[in-house]
Amino acid sequence: MRSITIIYILLLCLLPIKSATKRALLVGISNYPSESMWSPIHGTNDVQLIEQTLNTQGFKVSTLKDSNATASKIRKSLARLQAEVTSGDIIYLHFSCHGQPIEDIDGDEDDGWDEALIPFDAKKKYQKGTYTGENHITDDELNSYLKTIRKSVGPKGFVYVVIDACHAGSSYRGDEDED
């Protein structure tokens, strides 16, 4: 099922659009530092497979893998992408990493929990005075980047977001009444 989904998304990216720039940001983490307490997964493998396909389709691909996929570098890459995209562009974002629910601070979640992506330098446990979640990338933060990117590509552009992480179910779902 996962392979079929990836193939379907990649086929959608092949839609012919004149003067569009195809851009991709792929984030994959397999091996977190042992002190972070996150178990190894297969995120970098996903990125390698998708990167090859996107390159053959003319995408400008940026990758962040393992120790390069820190919260700071992910945020800088998303900000750079925000600044570069133009009307009609095709954007493909892929996150293959751990995910974790964290307490919803702004009250926008019905269940009281935000979903968060886990960069390489995010710790698993909150420790007052040591780690308070500053390296987690919440769904609210990701949503802010994605709304700006979506607005920039306009009605003729496309933004594809794939999140392969636990607790990512509503990472970029808007309200049912939103466009």
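The chain exposes about 10100 Å², and carbon and sulfur atoms supply 52% of that area. The model on the screen is a predicted one, and every value I quote is computed from it. Of the 179 residues of the chain, 42% count as buried. As for contacts in the chain with a separation of 6 or more, 69% are between residues 24 or more positions apart.

Let me turn to the elements. There are four helices and seven strands. Read from the N terminus, their order is α-β-α-β-α-β-β-β-β-α-β.

I come next to the interior. The largest nonpolar core has 27 residues. Those with the most contacts inside this core are Val27, Ile74, Leu78, Ile91, Leu93, Phe95 and Leu117. At least two core residues come from each of β1 (22-28), α3 (71-84), β3 (90-96), β5 and α4 (139-153). Helix α4 gives the most, with five residues. A second core, separate from this one, has 10 residues, among them Leu26, Val47, Ile50 and Ile90.

Helix α3 deserves a closer look. It has 14 residues, and the distance from its first C-alpha to its last is 20 Å, close to the 20 Å expected at 1.5 Å a residue. Which residues of α3 are buried? They are Ala71, Ile74, Ser77, Leu78 and Leu81. These residues lie on the same side of α3, because they cover an arc of only 135° around the axis. The face turned away from that buried side carries Lys76 and Ala83, which are exposed. The cover over the buried residues of α3 includes β1, β2 (60-65), β3, β6 and α4. Ile74 illustrates this packing: beyond its neighbours within four places in sequence, Ile74 is in contact with Val27, Leu64, Ala69, Phe95, Pro119 and Ile137.

Ile137 leads us to the sheet formed by β4, β5 and β6. This is an open sheet of three strands in the order β4-β5-β6, with antiparallel pairing. Strands β4 and β6 stand at the edges, each with a single partner strand, so one side of each is left without a neighbour in the sheet. Strand β4 (residues 98-103) pairs with β5 over six bridges, and one of the pairs across these two strands is Gln100 with Ala116. On the other side, two bridges join β5 to β6, where Leu117 stands opposite Ile137. Strand β5 itself, residues 113-118, is mostly covered, with five of its six residues buried.

In general terms, strands of a sheet pair through backbone hydrogen bonds, in either the parallel or the antiparallel sense.

I close with one residue of the edge strand β6. Thr138 is placed in β6, which comprises residues 137-138. Why does Thr138 count as buried? Its relative accessible area is 17%, and buried means under 20%, so Thr138 falls on the buried side of that cut-off. Setting aside residues up to four places away in sequence, Thr138 touches Ile102, Glu115 and Ala116. Of these contacts, Ala116 has already appeared as the bridge partner of Gln100.

Key: Residues numbered from 1 in each chain as written. Predicted model: local features only at pLDDT ≥ 70, side-chain atom pairs only at ≥ 80, totals over all residues. Heavy atoms only, no water. Buried < 20%, exposed > 50% of the residue type's maximum accessible area, 1.4 Å probe, protein only. Contact = heavy atoms within 4.5 Å. Pairing = 2+ DSSP bridges. Areas by Shrake-Rupley, 256 points an atom, 1.4 Å probe, with all protein chains shown as cover. Core = buried A, V, L, I, M, F, W, Y, C linked by side-chain atoms within 4.5 Å. Expected span 1.5 Å × (residues − 1). Arc of directions from axis to C-beta.
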